[in-house]
Amino acid sequence: IVLGGGLSNIERLYDEVPAQESGLKLVAEAQNGGVEAAMIVLAGSPNEADALNAAEIGVSDWLLKSDLSVDLVSRVILHAVERQSFGRVQDEARAALQKTEDRLRLLLDSTGEGIYGLGLDGACTFVNPAALRMLGYERESELIGRQIHDLGHHSFTDGRCYPQSECPILRTYLRGDGVHVSDEVFWRADGTSFPVEYWSYPIREGDVVVGAVVTFVDISERLRTQMTLARSEARFRSIVEASFDAIVIHQDGVILEVNSGFARLFGCEADEIIGRSALDFVADEPRELVQHRIAHGLEGKYDLVGRRMDGRTVFLEAIGRAYDANGIRERITALRDVTEKRQIEGHLRQGQRMEAMGRLAGGVAHDFNNLLTVIAGCTDFLAEGLAPNDPRHGELGEIERAAAAAAGLTRQLLAFSRQQPI
């Protein structure tokens with residue numbers, strides 16, 4: 001009897017089985033042919049072997065013709081339909097579970113992180129390909145059922161023995177919480193080690209911890225990058241600190257970092273500077289210039305006047321350059337104290353002015369001395385033509401004395417111009 005899903009759909013598969021054919025064989029052929037229904041075998045006589053065979057090929061129940069009654073047939077049919085429905089639900093649940101397991105396996109096989117599971121005894125329960133590859137194994141069977149701690153977590157970075165009782169991974173399910181570690185190493189099958197960052201969390205069935213799952217990544221490249229970056233930063237810091245210039249890094253005019261040269265230049269400690277406005281260290285007059293350059297990101301060299309913490313001003317040469325720091329626009333400026341240079345330049349300009357005046361005075365003195373020579377000669381000539389008692393000798397004497405006084409001034413001018421003859 002084939003039950004197509006309910007009591008209202010009952011069909012007799014075969015009314016009579018040919019003598020040369022087996023009824024169970026026909027049932028098996030029907031199932032293999034795609035008949036998805038509860039099946040009941042109606043037999044003429046009891047046979048234990050046939051009953052076992054019927055159960056093996058999926059027959060729902062067995063009836064004897066001699067025991068037929070309406071009540072019995074109804075109960076057998078109802079039971080068969082219920083078993084068929086329950087079996088279908090079980091099959092669907094098993095298929096869904098298998099699909100979920102396949103999806104999880106695909107995720108485990110596709111992820112780049114190493115993942116493995118542990119039982120309460122510390123033995124490996126599953127491991128993904130990434131973990132096998134990083135730990136130096138080829139097959140899951142090399143790890144499943146074995147103590148992972150003894151294989152890959154047995155020693156500290158310096159080679160000292162790592163007791164299992166101190167292992168954070170194994171303590172995870174004992175405490176019932178997770179752990180995150182980033183300063184240890186795992187050991188490969190060939191005996192070499194590599195730095196790892198790992199996370200371990202308990203696996204629970206309800207409220208009961210039944211194991212742990214461990215995820216880890218090889219951080220060798222990350223550590224190399226960090227070391228390279230640290231060396232680069234150290235070199236940069238050494239260069240900045242060794243510079244004779246004052247160097248300041250700021251964002252929108254707010255100081256982020258300075259070197260010791262900047263602190264010395266403005267007479268304060270570096271901690272007193274960080275977070276302040278760069279304009280606090282600029283004198284009043286050039287503030288608009290500095291604000292304009294910061295606002296428009298102008299680069300290149302310019303001059304300004306700085307203000308020290310004690311109020312004194314210093315002349316500065318500045319060169320600023322903008323750069324991008326992880327998407328944030330920052331600016332680095334180097335300042336050089338040119339106060340002494342400006343003073344020397346001032347003295348030099350004053351000397352040049354004095355030299356020019358000296359050359360002018362020397363030229364005037366020479367020309368004036370030539371005039372005095374003519375005046376003195378003419379005076380002597382006139383005096384020789386006068387009688388000794390001529391009253392005009394007095395006027396000529398006044399002229400001679402005035403010429404002598406003028407000659408003295410000429411000598412002073414020549415001395416000023418450093419052109420007086422020895």
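This passage describes two open sheets, the helices that lie across them, and a nonpolar surface patch in a predicted model.

Some conventions come first. The model is predicted, so local features need pLDDT of at least 70 and side-chain atom pairs count only at pLDDT 80 or more, whereas totals for chains, interfaces and linings use all residues. Residues are numbered from 1 along each chain as its sequence is written, and side-chain values use heavy atoms, with hydrogens and water left out. Helices (H or I, at least four residues) and strands (E, at least two) are DSSP runs numbered from the N terminus.

One open sheet holds five strands in the order β6-β5-β9-β8-β7, with antiparallel pairing; two strands pair if DSSP finds at least two bridges between them. Its edges are β6 (124-127) and β7 (179-187), each of which pairs on one side only. From one strand to the next, the twist averages 30 degrees. At the β7 edge, seven bridges join β7 to strand β8 (residues 193-205), and the two run antiparallel. Here Val181 stands opposite Tyr198 in β8.

Two helices accompany this sheet. Axes are lines fitted to C-alpha atoms (for helices, over the stretch in contact), and angles run from 0 to 180 degrees between N-to-C directions. Contact itself means heavy atoms within 4.5 Å. Helix α6 (residues 168-175) lies across β5, β7, β8 and β9 (208-218), and its direction makes about 15 degrees with β8. Helix α7 (residues 220-242) lies across β8 and β9, at about 130 degrees to β8.

Leu118 offers a handy view from within the sheet, as part of strand β5 (residues 114-119). Leu118 counts as buried because its relative accessibility is 3%; buried means under 20% relative accessible area, exposed over 50%, and partly exposed in between (1.4 Å probe, protein chains only). Leaving aside neighbours within four places in sequence, the contacts of Leu118 include Ile169, Leu170 and Tyr173, as well as Val210, Gly211, Ala212 and Val214. Also among them are Ala123, Cys124, Thr125 and Ile148. Gly145 is 27 residues away from Leu118 in sequence, with a C-alpha to C-alpha distance of 8.9 Å.

Another open sheet of five strands follows the order β11-β10-β14-β13-β12, again with antiparallel pairing. The edge strands, each pairing on one side only, are β11 (254-258) and β12 (300-307). The twist here averages 35 degrees from one strand to the next. Strand β10 (residues 246-251) and β11 run antiparallel and are joined by four bridges, with Gln251 opposite Val254 in β11.

Helix α9 (residues 287-296) lies across β10, β12 and β14 (328-337), at about 135 degrees to β12. Helix α10 lies across β12, β13 (313-325) and β14, at about 135 degrees to β13. Thr339 belongs to α10 and counts as buried because its relative accessibility is 18%. Not counting residues up to four places away in sequence, Thr339 touches Val314 and Phe315.

Helix α10 (residues 339-384) also gives the most to a nonpolar patch, with four residues. The patch consists of Leu360, Val364, Phe368, Leu371 and Leu413, with about 450 Å² of accessible area together. Patches are made of residues with over 30% relative accessible area and no salt bridge, like charges being joined within 9 Å and nonpolar side chains (Val, Leu, Ile, Met, Phe, Trp, Tyr) within 5 Å. A salt bridge is a side-chain nitrogen of Lys or Arg within 4 Å of a carboxyl oxygen of Asp or Glu. Accessible areas come from the Shrake-Rupley method with a 1.4 Å probe; for residues, only the protein chains shown count as cover. Leu371, placed in α10, counts as exposed because its relative accessibility is 52%.
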